[in-house]
Amino acid sequence: MKALPHVLLLGMENAIALTVVRELGGHGVPVHGIARSAASIGTASRHCADWTLRPAGPIADWLPGLIARTGARAVLAISESDLIELAGLPSMIGDCHLLVPRPEPLGRVLDKLQTLHAAAAAGLRVPQTWQPRAGEDFAARAAQMRYPLVAKWANPPDIMAVLEQAGLEWIKTEYVRTPDQLVALLDRYAPVGRWPLIQQYCRGVGLGQMLYMQDGQATLRFQHRRLHEWPPEGGVSTLCRAEPTDAHGAQMALSEKLLRALDWEGQAMVEYRYEPDNDRYWLMEVNGRFWGSLPLARHCGADFAWEAYRRKVLGHIDVAPAPRDDLRARYMVPETKRLARILLAPGRIGDPFFRRRPLVDLASYLLAFVDPRARYYVFSASDMRPWLRDMVQMVRKAVRRERH
C-alpha cells in the first residue's frame with residue numbers, strides 16, 4: 001500500500017491537537033507537528049511521526065521551507081490566531097493544501113455580530129443583542145434592558161491586544177444581573193472606547209452541531225450535548241455526550257443553511273443553547289476552528305480532520321460513514337476542577353441560574369469511571385505517553401505553586 005502524504009499540524013499543545021494527531025494517524029496519515037515546546041502533549045503521541053520546534057517570526061516566512069523539507073501535502077492549524085495568519089496565504093503552496101478557511105468567511109465567523117445577522121436572515125432564533133457604541137446613553141439603555149444579561153466580545157482575537165495594551169483583562173463571558181452592574185462593566189472599557197456585546201441570557205443546555213462543508217453541502221455531520229463545562233456556568237466542555245443522529249433534524253438543516261450563507265468551507269461547529277421543555281434553539285456562535293469537544297467526535301467515528309484530508313488531498317468523493325451516537329467523553333483535569341468548585345467554592349459560580357447539586361455531581365463523577373460509554377479527551381490505553389506527560393506537567397505545576 002502506497003504511503004499517504006504528510007500533514008503539517010500547527011499547535012501541538014492541547015487535547016484538540018492530540019485528537020487530530022490520533023485521528024489522522026489512525027487513518028495512516030503521517031503527522032509532522034509544529035510545537036511551541038518540547039513538552040507539548042501532541043508530540044508525545046505514537047501517531048506523531050515527527051515534529052519541529054516552531055520557528056520565530058510570521059508563518060509566511062518559514063512555512064514554505066518546512067513544506068518543501070517534509071513533502072507535506074496539507075497544513076492544518078488549531079488556534080484562531082494561526083488560522084487568521086494562514087488565511088492570508090494562498091490556498092495552496094506548491095502542491096500543498098492549506099486546509100483553513102478563506103479570509104472573508106473566517107472574518108464573518110470570528111465577528112459574532114456578523115454571524116448573528118446572517119443567522120437571523122437565515123431563519124435561526126438569535127438572542128437579543130446590543131453592541132454599545134461611543135456616544136450612546138449607557139445608563140438609559142441599561143435601565144431598559146431585561147436581566148440577567150451576558151457580556152462577551154464580538155471578535156475576541158481583534159480585541160485581546162487592545163485590552164492588554166490598556167492593562168485590562170480579557171474576560172470571555174460575564175453575567176450581569178442589574179443596571180448598576182451593567183453600567184459599571186461598560187465604564188470599565190471606556191478608556192479603550194470598545195465594548196463587549198450585551199446579550200440576552202438564554203437558559204437551556206449547550207448543543208453543538210458539527211458539519212464539514214464542501215461546495216455548499218455538508219458531507220459529514222455530528223452533534224453532541226454538553227453535560228458539564230468549566231467553569232461550571234459555561235466555557236470549555238468537560239463532559240459531553242453524542243446526541244442521537246435522528247434528533248434535532250430541522251435544526252441541523254438550519255445549521256447547514258447558515259454555513260452556506262456564510263460561504264463556509266471545511267469544518268465548523270454551530271453552537272446553541274437548547275431549551276428541551278419548549279424545543280427552542282438559541283444560536284450562540286459558530287466555531288470555525290477545531291473545537292474543544294473534538295475527542296468525542298473522534299471516538300464516535302466522526303473524523304473531521306480526515307474528512308478534510310481525504311477530500312482535498314486524496315480527492316475522495318464517497319460518503320463518510322455514519323458516526324456512533326452512544327458515547328460520552330470526559331476532559332478530566334477541568335472536570336475535576338469543576339467538581340472542586342461545586343463542592344468547595346460555590347460562591348465563585350457566576351451563572352445566576354446554575355443549579356448546584358453537589359451529591360449528584362460527586363456520584364456521577366465517580367460512577368463515570370465504570371461507565372462503558374465513557375471515553376476520555378487525553379487518556380488512551382493504546383497511546384499512553386500524552387497522558388503521562390500531562391500528569392507529569394500537572395505535578396510540576398503543583399510543586400512550583402507550593403514553592404511560591
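Two strands pair if DSSP finds at least two bridges between them. Keep that in mind as you look around this predicted model.

**Stop 1: the seven-stranded sheet**

Start by selecting the open sheet of 7 strands, whose order is S15-S14-S11-S12-S13-S16-S17. The pairing here is mixed. Which strands sit at the edges? Colour strand S15 (280-287) and strand S17 (374-376), since each of these edge strands pairs on one side only. Now turn the view and follow how neighbouring strands of this sheet are angled: on average they are turned by 35 degrees against each other, direction ignored.

Next, zoom in on strand S14 (residues 266-275) beside S15. The two run antiparallel and are joined by 7 bridges. For one pair to click on, pick Arg273: its bridge partner in S15 is Trp282.

Then add helix H12 (residues 332-344), which packs on the sheet. Helix H12 touches strand S12 (217-230), strand S13 (236-242), strand S16 (328-330) and S17. Compare the direction of H12 with that of S12, and you will find about 35 degrees between them.

**Stop 2: the four-stranded sheet**

Move on to another open sheet, made of 4 strands in the order S7-S10-S8-S9, with antiparallel pairing. Look at strand S7 (129-130) and strand S9 (174-176): they stand at the edges with a single partner strand each, so one side of each has no neighbour in the sheet.

How many bridges pair strand S8 (residues 149-152) with S9? There are 3, and the pairing is antiparallel. Select Val150 and you will see Tyr175 of S9 standing opposite.

Two helices are worth showing here. Helix H8 (residues 179-188) packs on the sheet and touches S7, S8, S9 and S10, with its direction at about 140 degrees to that of S9. Helix H5 (residues 112-122) lies across S7, S8 and strand S10 (197-200), and runs at about 40 degrees to S10.

**Stop 3: a pair of helices**

Finish with helix H3 (residues 80-87) and helix H4 (residues 103-110). Their axes are 9 Å apart, and the helices pack at an angle of about 150 degrees. Why are they called roughly antiparallel? Angles over 145 degrees count as roughly antiparallel, and H3 and H4 therefore earn that description. Their crossing is left-handed.

To see the contact itself, show the side chains of Glu80, Leu83, Ile84 and Ala87 in H3, together with Pro103, Leu106 and Leu110 in H4. By class, this contact has 6 nonpolar residues, 1 charged residue and no polar ones.

Methods. Residues numbered from 1 in each chain as written. Predicted model: local features only at pLDDT ≥ 70, side-chain atom pairs only at ≥ 80, totals over all residues. Heavy atoms only, no water. Axes fitted to C-alpha atoms, helices over the stretch in contact; angles between N-to-C directions. Parallel < 35°, antiparallel > 145°, perpendicular 65-115°, else oblique. Left-handed = near helix turned anticlockwise from the far one by under 90°. Contact = heavy atoms within 4.5 Å. Nonpolar A, V, L, I, M, F, W, Y, C, P; charged D, E, K, R; others polar.
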